[in-house]
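Colleague: I have this model open beside its sequence and would love a close look at one part of it, the empty space. Please walk me through that slowly.

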Amino acid sequence: MDFLLSGVAACGACLFTNPLEVVKTRMQLQGELRAPGTYTRHYRNVFHAFYTIGRVDGLSALQRGLLPALFYQFGFNGLRLGLYGIADTAGYIHSSDGSISLLRTTVAGALSGVVSATVSSPIYMVKTHIQAQSAAEIAVGHQYQHQGMLHALAMIHKEHGVLGLWRGSLSAAPRVMVGSSTQLATFSSSKEFFSRLEIFPKDSWLLALSAGMTSSVTVAVAMTPFDVASTRLYNQPVGPRGEGLMYKGLFDCLSKIIRSEGFFGIYKGLGASYFRIGPHTILSLLFWDQLRRSYSSWTQQKR
């Protein structure tokens, strides 16, 4: 039930935040390995990106890749939050005095993130490909021509085999370790902190909301460099043997971005990342917390 509730919570958040994921992906691919000022900026900021995509690709393009995004969120966050929820219920993330242990929450968040990211990596890659697809007028990054999620998975498997579906998964692991450990550790710690302040009623949904808002800021800052690299690695063109033609791995990608685009190139799309990560973190953790609380109350009533 922990896995199911976690997946449902993440999908609920995804319905609202997928347009921001499309914008984030496009902005992270814009000006790939080009020095600032040497390329056309199709997307000047988050709001201009929304306007441009809606005007050129159509309003429906803002929900491009929604199906793989929902599958990814259900699989990734269902497994990640489900594993973390089990660790929480078992008391692993608490110290001997009953308080939240920052070290234990960080380790639990990182491990659950790596496992879930590895399992769901093929869907994340397909989601990135589809969300990057656009009209030539505003195209950024390599343009795949997938006709949908199943078509994309079939074509990648046909051309590069099973291993091709997991291309980039090893390089994506640090991104998820940083994001998951930061998110869950700060969420649990912040929730306990706000609870001790007693500014909200006990078990109020405002506790989870406040903790989610605090968590989203730290996640956006800590994860964006790895998120930019992950988007580039997943979306890069590949050779006949499935090898990347632009980047060899995570550190090669980060170093090339810094050399070509400057240090702030690894923070490209930070605003879009926060606008996406912020609401998604707040909504998914709020839904997750409330669903778990409701299910716990229901089971106690059944007894």
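Modeller: Happily! In this predicted model, the largest pocket holds about 580 Å³ of space. A pocket here is an open set of points on a 1 Å grid over the protein atoms alone, with protein on both sides within 12 Å along at least five of seven lines; grid points are joined across faces, edges and corners, and a volume is the space filled by probe spheres set on them. Residues are numbered from 1 along each chain as its sequence is written, and side-chain values use heavy atoms, leaving out hydrogens and water. Since the model is predicted, local features need pLDDT of at least 70 and side-chain atom pairs count only at pLDDT 80 or more, while totals for chains, interfaces and linings use all residues.

Around the largest pocket are 21 lining residues (an atom within 4 Å of a point). Nearest its centre lie Asp 88, Lys 191, Asp 289, Arg 292 and Arg 293. Helices (DSSP runs of H or I, at least four residues, numbered from the N terminus) frame this pocket: H1, H3, H6 and H9 each supply at least two lining residues, and H9 gives the most, with 6. By class, the lining has 8 nonpolar, 6 polar and 7 charged residues (Ala, Val, Leu, Ile, Met, Phe, Trp, Tyr, Cys and Pro are nonpolar, Asp, Glu, Lys and Arg charged, the others, Gly among them, polar).

Now for the enclosed space. Searching the whole structure turns up 2 cavities of 30 Å³ or more (a cavity is a set of points where a 1.4 Å probe fits but cannot get out). The largest cavity has a volume of about 300 Å³. Of its 24 lining residues, Phe 76, Arg 175, Met 223, Arg 276 and His 280 lie nearest the centre. Six helices share in this wall, each with at least two residues: H1 (2–29), H3 (66–89), H4 (102–132), H6 (169–197), H7 (205–235) and H9 (270–302). H3 provides the largest share, 6 residues. The lining divides into 9 nonpolar, 10 polar and 5 charged residues.

The second largest cavity comes to about 60 Å³. Arg 175 turns up in its lining too, together with Tyr 72, Ala 117, Thr 118, Ser 121, Tyr 124, Ser 169, Ala 172, Val 176 and Tyr 234. Both H4 and H6 supply at least two of the lining residues there. This wall is made of 6 nonpolar, 3 polar and 1 charged residues.
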